[in-house]
2 protein chains.
Amino acid sequence: MGRNTMQITPPYLMFLGDVPDQLAAKTAQGIVDWRPEWCLGQIRLPGCKADLRLPDLTIAEAAAQGIKTLIVGVANAGGVLPDHWTDVIVAALTAGMDVASGLHTKLGSKPAIAETAARTNRKLFDVRHTNQSFATGKGHKRTGMRLLTVGTDCSVGKKYTVLALEKAMRARGLAADFCATGQTGVFISGRGVAIDAVVADFISGAVEWLSPDAAPDHWDLIEGQGSLFHPSFAGVSLGLLHGAQPDAFIVCHEPTRTTLRGVKTLLPSIADVIDLNLRCGRLTNPNIRVTGISVNTQALEDGAARALLDQLSATHGLPATDPIRFGVANLVDRLVQEFPANPPVGA
Amino acid sequence: MGRNTMQITPPYLMFLGDVPDQLAAKTAQGIVDWRPEWCLGQIRLPGCKADLRLPDLTIAEAAAQGIKTLIVGVANAGGVLPDHWTDVIVAALTAGMDVASGLHTKLGSKPAIAETAARTNRKLFDVRHTNQSFATGKGHKRTGMRLLTVGTDCSVGKKYTVLALEKAMRARGLAADFCATGQTGVFISGRGVAIDAVVADFISGAVEWLSPDAAPDHWDLIEGQGSLFHPSFAGVSLGLLHGAQPDAFIVCHEPTRTTLRGVKTLLPSIADVIDLNLRCGRLTNPNIRVTGISVNTQALEDGAARALLDQLSATHGLPATDPIRFGVANLVDRLVQEFPANPPVGA
């Protein structure tokens, strides 16, 4: 952490506006799930139907508790920022907080917000947009270890898997940092880049920035996006693969899906996903290998989930798990086994 | 043409500023080479060392000749727009012309230019930037035929090859349109999108916009960018391949290069380029095939160039040519043979 500029400072006050349901607060809930120690309170407007089960704080109470950043972690129709939300944002800035938003509307596009931020010298973060300028990718091998989650599709658990790995690896005393490439991840990490919002020429360069040289035993756990087989987003996935130059990747999958999200293209097989990621990934890391399979088995009964994981494990010779249901111990075991931190002399 | 919004209107007046050499006017020269009938004159400031061998016109003379657009088709250090160029641009707007620029600096960032354009109701085009909003790619099969040039690397003749094909195919009475994906191409076509400037999520969607449904016999000849094997730009190349959903592609190559442009990565083999483009291209067009090889043989003697092309042709079972040196007749022959416009009944 702290290796680079874009940095959202915890602790956080979660602003939920007056969103109509819990689903609209999905991003905020993800932050609370993974960084409970950062999320000290919530602030809601009359009519709000979402609840993070955090203390409801006023801006003054939040400031008194040392909260550094107001997080607008809700989604509403079109991603716009309603006018009647600006008062809370202006009050937070005035009370000395930065503000970070995941909406399409830029915070600074509201004159009252822009003026207050300038006057109070506070920072506005629009995590869906990036003002960071990147170099083009260079493809040089960097020091340190890297793991990337890839997918048969979008929204199959790539972020969840790396976050679960970070937690489990740290618990074993391994040096591991989650590297965020999507907006929820940026809030959870406090830094990162919404890679789908970067200008096309700089996709791999942005990932090189996100995961620079590190200590030889250090793992960057890089959140994957999309799929090499998704006709809308494969370019993002390939640039991400090349920039990440992973030593290891884990394939994420949702077993009940037949077509890719938002399009009519058929879901690729796990074998094809492994093969194409190996082939393309070798461009920037000739030693890339696959080390596991992560399946979202939510739609299956326990027995069916176990059977599917056993079958995938046997077919591909890889550990397979559902991180939510069964944890990621087997994925970490394999990583430790394949990449011993202190390889024996002569190995 | 005219199928979509972004449209630069010819004829053109070429503005060269006071650039220090001919190389700085490479974009402008490309426009003159491919669209001589559109380029009626040039305008140069004192000290300009570039010359397109067009009549030197004043703004008043250009306006009197019916010129519609002033083209800023030069590159200088950093792509900035020098302050002392604004007078000519303001004069052109005042005389009723639109202005199109390939510089990084946006025309409208200069207050005098922005104000004059607003007052005179003229258009400013910054072809390196795009204000066009695109949908994400859908991957649906569109009507009409499509050819894409792909490469072993950047800058290996992808634009030149499709422009040469357009000319040769039109000469044979085929319906063929060049589709520009880079800034020089946009000036030459009058429309298009600088695909490397699009936000990453919309690469394939932008190409779907660029090459919409067309008549069954109509060929869109789509300018390729980068290479699936370039660690900086492969994401762009993959999104372009998926969005283009080509029926046919031609591999472009420069035989003396050993590493990819700007990086230390080794050049891929033509066989690998064919294989990976076929494999990835099948996602949006299961019938994709390779129909030729286009080589920039500038560094070779005539005999060596011929020998290389013969060898490549034999190795890959494809027509091979250098479009500049030997024309593209063999590439068109193969296209016509493989995709007969009116296939015989029962075929």
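Begin by selecting chain A and chain B together in this predicted model, and look at the place where they touch, for the contact draws 28 residues from chain A and 28 residues from chain B. Now keep to the side of chain A that touches chain B and pick out α7 (203–210) and α8 (234–244) of chain A, which are the elements that give two or more residues to that side. Of these, α8(A) deserves its own selection, since the largest share of that side, 6 residues, comes from α8(A). If you colour the residues of the side of chain A that touches chain B by character, they divide into 14 nonpolar, 11 polar and 3 charged.

Next, turn to the sheet of chain A, where 5 strands run in the order β2-β1-β3-β4-β5 and form an open sheet with parallel pairing. Select β2 (39–44) and β5 (124–126) of chain A to find the edge strands, each of which pairs on one side only. Looking across the strands, you can follow a twist that averages 20° from one strand to the next.

Within this sheet, select residues 12–17, strand β1 of chain A, and residues 69–72, strand β3 of chain A, which pair in the parallel sense over 4 bridges. Here Phe15(A) can be found opposite Val72(A) of β3(A).

Finally, add the helices that pack on the sheet. Helix α1 of chain A, residues 26–34, touches β1, β2 and β3 of chain A, and its direction makes about 155° with that of β1(A). Helix α3 of chain A, residues 86–94, also packs on the sheet, touching β1, β2, β3 and β4 (98–101) of chain A, with its direction at about 140° to that of β4(A).

Methods
Residues numbered from 1 in each chain as written. Chains lettered and ligands numbered in written order. Predicted model: local features only at pLDDT ≥ 70, side-chain atom pairs only at ≥ 80, totals over all residues. Contact = placed C-beta atoms within 7 Å. Nonpolar A, V, L, I, M, F, W, Y, C, P; charged D, E, K, R; others polar. Pairing = 2+ DSSP bridges. Axes fitted to C-alpha atoms, helices over the stretch in contact; angles between N-to-C directions.
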